[in-house]
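Dear colleague,

Please find below the structure that I am handing over to you, together with its sequence. My findings follow directly after it.

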Amino acid sequence: MTLPCVIAHRGASGYLPEHSLAAKAMAHAMGADFLEQDVVLTSDDVPIVLHDIHLDTVTDVADVFPNRANSDGRFYAIDFSLDEIKQLSLRERFDHVTAKPIFANRFPLQHTALTIPTLREEIKFIHGLNISTGRIAGIYPEIKKPAWHRGHGKDISQIVIDVMAELGFDGSDDPIFLQCFDPKETRRIREQLGCKLPLIQLIGKNEWNESDADYEKMLTSKGLKRIAEYADGVGPWMGYVVDDSGQPTDFTAIAHQWNLVVHPFTFRADQLPSWAGSFGQLVTTFFRRAKVDGLFTDFPDKAIQARNAAVC
Ligand code: CA
């Protein structure tokens, strides 16, 4: 049988600064099936691996370039060239207002000598690990804020698809999922850009403002059927799959009726839903009772251990 997959969310981000190559190496060594890349563009149109459109929650940009904030006080990756971004030290995630870490017991807030990788650098790095270890970990890039990028004159999806093709990812059987929150863009990637890669439609909460979509409508059979017209699977917020009393909803069964794989997010050992007594119980509930096909986690080692105990 095929085991459900464990996707390293921003790498082994429970242990090392998210989206550092070190976090990806650790996740690879832990046996993660897929390593995630969030992708935004620099001012010179280079796709880089960074979760936010801002630089100020994971780097020292405010110290290195103190006069380069936008009028809203934030530092945007799209206002910096790749050369400038490479001068920044990548750190554990922190609150840009209070300067306090988001997760108190993770990697300390300090200079790291880690830097933000480009998408090309990261894919080549993972390819190297696949060769040297003899174990293939897939990749899982996310196109961030396509409408926002378009408003700045940039077609991020086309740029990312071109880089993927250049590095050998262009077929429906390649070890990759391409993900996006914006359903108009995910459909465009399939139908207008002609992308054959496996596509995942992310389903968040409307209040997150990830796009102008109404995510509530995607939760119904009709909504999931529409997604199946262009995507191979869905990446829902975990609360849509198992409710706040710990009971599986009918989400996964409906998605499976439309042949969509289900990869919920985000499983964190240091941020459990109130119903879960342990990380092991959380993961076991999703794999054994909700029957998901994979999940995104900051702690791939713990998720793999729980998965193997739950389904092997
Ligand atoms: Ca992501």
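Beyond its neighbours within four places in sequence, F286 is in contact with M238, V241, V242, P264, F267, W275, K291, V292 and L295. Please note that this is a predicted model. F286 is also among the residues with the most contacts inside the largest nonpolar core, a set of 73 residues; the others named there are M164, L178, I203, L224, I227 and V234. A second core, separate from that one, has 20 residues, including L50, I53, F65 and I116. Nonpolar side chains tend to be buried together in soluble globular proteins.

F286 belongs to helix α10, residues 279–289, in which F279, L282, V283, T285 and F287 are buried as well. The buried residues of this helix pack against β1 (5–8), β9 (294–297) and α11 (300–311). After α10 comes K291, with a positive phi near 60 degrees.

I turn next to strand β2. In this strand, residues 34–41, eight of the eight residues are buried. In a regular strand, side chains alternate between the two faces of the sheet. Both faces of β2 are covered, with F34, E36, D38 and V40 buried on one side and L35, Q37, V39 and L41 buried on the other.

The pairings of β2 are as follows:

- With β1, β2 pairs in the parallel sense over two bridges; I7 has F34 as its bridge partner.
- With β4 (residues 138–143), β2 runs parallel and is joined by six bridges; Q37 has P141 as its bridge partner.
- With β3 (residues 47–49), β2 runs antiparallel and is joined by three bridges; L41 stands opposite P47. The two strands form a hairpin with five residues between them, and D45 in the turn has a positive phi of about 65 degrees.

Strand β2 also takes part in the metal site. E36 (OE), D38 (OD) and E142 (OE) coordinate the calcium ion at 2.2 to 2.3 Å. Along the sequence, these donor residues follow the spacing E-x1-D-x103-E. Both E36 and D38 are buried. In addition, D38 and E142 belong to a network of salt bridges that also links R10, E18, D52, R93 and K144.

In total, the structure holds 24 salt bridges. One of them joins the side chains of D33 and R307, at 3.0 Å from N to O. This pair links distant parts of the chain, 274 residues apart: D33 lies in the loop between α1 (21–30) and β2, and R307 in helix α11. D33 is partly exposed, with a relative accessible area of 23%, whereas R307 is buried, at 6%.

Another salt bridge is formed by R91 and D60, whose closest N and O atoms are 3.7 Å apart. R91 lies in the loop between α3 (82–85) and α4 (119–133) and D60 in the loop between β3 and α2 (61–64), so this salt bridge ties together parts 31 residues apart in sequence. Both R91 and D60 are buried.

Finally, why does the structure hold zero disulfides? The sulfur of C180 has its closest cysteine sulfur in C195, 12 Å away, which is too far for a bond. The same distance applies from C195, whose closest cysteine sulfur is that of C180. Both are buried: C180 has a relative accessible area of 1%, and C195 one of 5%.

With kind regards

Notes: Residues are numbered from 1 along each chain as its sequence is written. This is a predicted model: local features need pLDDT of at least 70, side-chain atom pairs count only at pLDDT 80 or more; totals for chains, interfaces and linings use all residues. Side-chain values use heavy atoms; hydrogens and water are left out. Buried means under 20% relative accessible area, exposed over 50%, partly exposed in between (1.4 Å probe, protein chains only). Helices (H or I, at least four residues) and strands (E, at least two) are DSSP runs, numbered from the N terminus. Contact means heavy atoms within 4.5 Å. Two strands pair if DSSP finds at least two bridges between them. A nonpolar core is a set of buried Ala, Val, Leu, Ile, Met, Phe, Trp, Tyr and Cys residues joined through side-chain atoms within 4.5 Å. Donors are N, O and S atoms within 2.8 Å of the metal (3.2 Å for Na, K and Ca); water is not among the atoms, so sites may look incomplete. A disulfide is a pair of cysteine sulfur atoms within 2.5 Å. A salt bridge is a side-chain nitrogen of Lys or Arg within 4 Å of a carboxyl oxygen of Asp or Glu.
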